[in-house]
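I set out to look up two topics in this entry: the lining of a pocket and the linkage of cysteines. My notes follow the order in which I looked.

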Amino acid sequence: VMLITRPPFRPAAMVFGALLAGCQVNEEQALAGPDAAGEAFPVLQAVAEAAPVPSPNDAADDAVVLVSQRGDAAFIAATDKQFGLLVYDLEGRQLAALGSGRLNNVDAISVGEDEYLLAASNRTTTAIELFSALIRDGRITVRAEGAVGLAVLEPYGLCMANLDGDLSVFVGNRSGRIEEWRIDDEGFGTPGRVIVLPSRTEGCVVDAEGNRLFVGEEDVGIWSINLETLDPVLVDQVGEGRLIADVEGLDIYDNRYLVASSQGSNSFAVYRLPGVDPVGVFRIGPNDELGIDGVSETDGVAVSAASVTGYPQGILVVQDGYNVDPDENQNFKIVDWREVASLLDLR
């Protein structure tokens, strides 16, 4: 077990994040504020959005992108944390809904040609919920495949990866405990490494090439944890210009860029790998031409570098905490990665 101590307290950032979380600002106000350094954010637009989740209030949370090997079909699996798992196409149409309980975070890994294993943190059953997804002839079939029971209370953040031939799922709870579970071919789980952070974590993503786990400690920042030694490094901290609590979703684009959602500033930070060098921060504003509102109070983020029809460099999918145009339940916005690359001059 690796216990990681808390970095220095940052009162200004903490107070600012608490004020944003405690008041019901409208989206126009939320997207008008400056970053932590007082500068204006660069803004891009979503080009599509998913149908609203079925549950009201704080419901939509996390997503993962599933793409066929030929790139001729792509889908989004996402969580409604009052209901279960939802499946959408890239035009935002809901294709399936699996009522599995209060699923929070979801991730997926390829286990065969156009086959995926999905894992989601289930707060109803205190388990890692497993699903299979099969893409055939432009369609997707998703079904429940069982669960791995957990000792941790209320599983929260989750991510998965292939590490040295083993399928690992990392799942955290609200107290900062992160457990690794190795999943075998039959869907049985064996406990592995344990990491303990001082406070609540949520977003995480495995950098398999770098053999490290990135974890967002919501009120603190982003940790990089060496998966051989479990040595931690705080690679960015709340209040230093890019992140305002809560630090929420994390994902990696093409092994080259780490993307994080900074919920308290309604923005997204991008870092170049392997050095975790800050590249830039942006917001997603309204696309009036397409009638898509902006993005605020984001929880989960997902990226895919796979080339699919209409998106030759892949997509970014983000949860929208206030779906205001029209005023509907929360949903997920889809951004063409080319817009991110152009805005931040990514090479």
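I first sorted the residues that line the largest pocket by character: 24 are nonpolar, eight are polar and eight are charged. I note that the model is a predicted one.

I then looked up the extent of this pocket. Its space comes to about 880 Å³, and its lining consists of 40 residues. Nearest the centre of the pocket I found D107, A108, D251, I252 and V303.

Which strands each supply at least two residues of the lining? I listed β4 (60-67), β8 (103-112), β12 (155-163), β16 (201-207), β20 (247-253) and β24 (301-304). Of the contributions to the lining, the largest share is that of β4, with seven residues.

I turned next to the cysteines. How many disulfides does the structure hold? I recorded one, formed by C159 and C204 with 2.3 Å between their sulfur atoms. The two cysteines sit in distant parts of the chain, 45 residues apart, with C159 in strand β12 and C204 in strand β16. Both of these strands also appear in my list of those that supply at least two residues of the pocket lining.

For the geometry of the link between C159 and C204, I noted -120 degrees about the S-S bond, which is left-handed.

Are the two partners buried or exposed? I entered C159 as buried because its relative accessibility is 0%. C204 has a relative accessible area of 9% and therefore is buried too, the cut-off being under 20%.

Key. Residues numbered from 1 in each chain as written. Predicted model: local features only at pLDDT ≥ 70, side-chain atom pairs only at ≥ 80, totals over all residues. Heavy atoms only, no water. 1 Å grid on protein atoms, 1.4 Å probe; cavity = no way out; pocket = protein on both sides within 12 Å on 5 of 7 lines; lining within 4 Å. Points joined across faces, edges and corners; volume = space filled by probe spheres on them. Helix = DSSP H or I, 4+ residues; strand = E, 2+ residues; numbered from the N terminus. Nonpolar A, V, L, I, M, F, W, Y, C, P; charged D, E, K, R; others polar. Disulfide = S-S within 2.5 Å. Buried < 20%, exposed > 50% of the residue type's maximum accessible area, 1.4 Å probe, protein only.
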